[in-house]
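Subject: Structure handover

Hello,

Here is the structure I said I would pass on. Please open it alongside this message, and then read the notes below.

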Amino acid sequence: MTTGAPTPPQPTRTRRSRLRRYLPLGIAVWLVLEIWLLTQVAGAAGGLTVFLLLVAGAVAGSVVIKRAGRRAFRSLNEALQRGVPPERGGGNGLMMLGGLLLMIPGLLSDAVGLLLLIPPVQKAVSRAAERVFERKLHRAAPGSLGDAFQQARIHRPDGKVVQGEVIRDDADVPGDAAREPRPPLTR
């Protein structure tokens, strides 16, 4: 029996991106591979060797991250003192990622972390990441965050702030609201 009220439409399910769909599976496969590889190496070389490899990876990763962070801070400080924008990238981000992968327990992550510390590999990964980022940025729908970033990068590449003042036409505001004091717009 119907009451005459329309039935609400079935909510449409939003489509999940491939990354959100396969990332948990990829992490699970990565963890299983790491554990399997650790047990294989422990069976061949001994548990103490594996433990020492993991400790050495953690120490090396922390040293790499500390060094990359210092280098990034130093280059930023020098660029600010010269009054020029800091150089883009410089490989510090990939060095930090390599150090982080070294710190994560596991031999597979250590191998990938060591690869990211090699300068030609850093350049290749950086170029590939830039191409992917640019492609995603150009494919962004109008009005999205990617579109806003693209517009800001085109129109204001230097990041300068334009000082201005808001002038309100209070003729259409009724009563005392038009006469209330307003806080200044500048700090």
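I will begin with one residue and work outwards. Serine 109 is buried, because its relative accessible area is 2% and the limit for buried is under 20%. Please keep in mind that this is a predicted model.

Serine 109 sits in helix 4, which covers residues 107-116. If neighbours within four places in sequence are set aside, serine 109 touches Trp30, Glu34, Leu101, Leu102 and Ile104. Serine 109 is also one of the buried residues of helix 4, the others being Leu107, Asp110, Gly113 and Leu116. What do the buried residues of helix 4 pack against? Their partners are helix 1, helix 2 (47-82), helix 3 (92-103) and helix 5 (119-138).

Next, the pairing of helix 1 with helix 4. Their axes are 7 Å apart and the packing angle is about 105°. The two helices are therefore roughly perpendicular to each other, since angles of 65 to 115 degrees are put in that class. On the helix 1 side, the contact is made by Trp30, Leu33, Glu34, Leu37, Leu38 and Val41. On the helix 4 side, Leu107, Leu108 and Ser109 take part.

Helix 1 also packs against helix 2. Here the angle is about 130°, again with a distance of 7 Å between the axes. That makes helix 1 oblique to helix 2. Leu38, Val41, Ala42 and Ala45 of helix 1 meet Gly47, Thr49, Val50 and Leu54 of helix 2. Leu38 and Val41 are thus listed in the contact with helix 2 and also in the contact with helix 4.

Leucine 54 deserves a separate look. This residue belongs to helix 2. Is leucine 54 buried, partly exposed or exposed? Leucine 54 counts as partly exposed, because its relative accessibility is 23% and buried would require a value under 20%. Apart from neighbours within four places in sequence, leucine 54 is in contact with Leu38, Pro105 and Gly106. Between leucine 54 and methionine 103, the C-alpha to C-alpha distance is 8.1 Å, although they are 49 residues apart in sequence.

Now to the surface. Tyr22, Leu25, Val29, Leu33, Trp36 and Leu108 form a nonpolar patch there, and together they have about 590 Å² of accessible area. Which element gives the largest share of the nonpolar patch? Helix 1, residues 18-45, supplies 5 residues. One member of the patch, Leu33, lies in helix 1 and is partly exposed, with a relative accessible area of 41%. Leu33 is also named in the contact between helix 1 and helix 4, as is Leu108, another residue of the patch.

Last, the chain as a whole. Its secondary structure consists of 6 helices and 0 strands, so the order from the N terminus reads α-α-α-α-α-α. The chain has 187 residues, and 13% of them are buried. Among contacts with a separation of 6 or more, 49% are between residues 24 or more positions apart. The accessible surface of the chain is about 15500 Å², and carbon and sulfur atoms account for 64% of it.

To check these notes in the viewer, start with serine 109 and its contacts Trp30 and Glu34, then turn to leucine 54 and its contact Leu38.

Regards

Notes
Residues numbered from 1 in each chain as written. Predicted model: local features only at pLDDT ≥ 70, side-chain atom pairs only at ≥ 80, totals over all residues. Heavy atoms only, no water. Patch = residues over 30% accessible without salt bridge, like charges linked within 9 Å, V, L, I, M, F, W, Y side chains within 5 Å. Areas by Shrake-Rupley, 256 points an atom, 1.4 Å probe, with all protein chains shown as cover. Salt bridge = Lys/Arg side-chain N within 4 Å of Asp/Glu carboxyl O. Helix = DSSP H or I, 4+ residues; strand = E, 2+ residues; numbered from the N terminus. Buried < 20%, exposed > 50% of the residue type's maximum accessible area, 1.4 Å probe, protein only. Contact = heavy atoms within 4.5 Å. Axes fitted to C-alpha atoms, helices over the stretch in contact; angles between N-to-C directions. Parallel < 35°, antiparallel > 145°, perpendicular 65-115°, else oblique.
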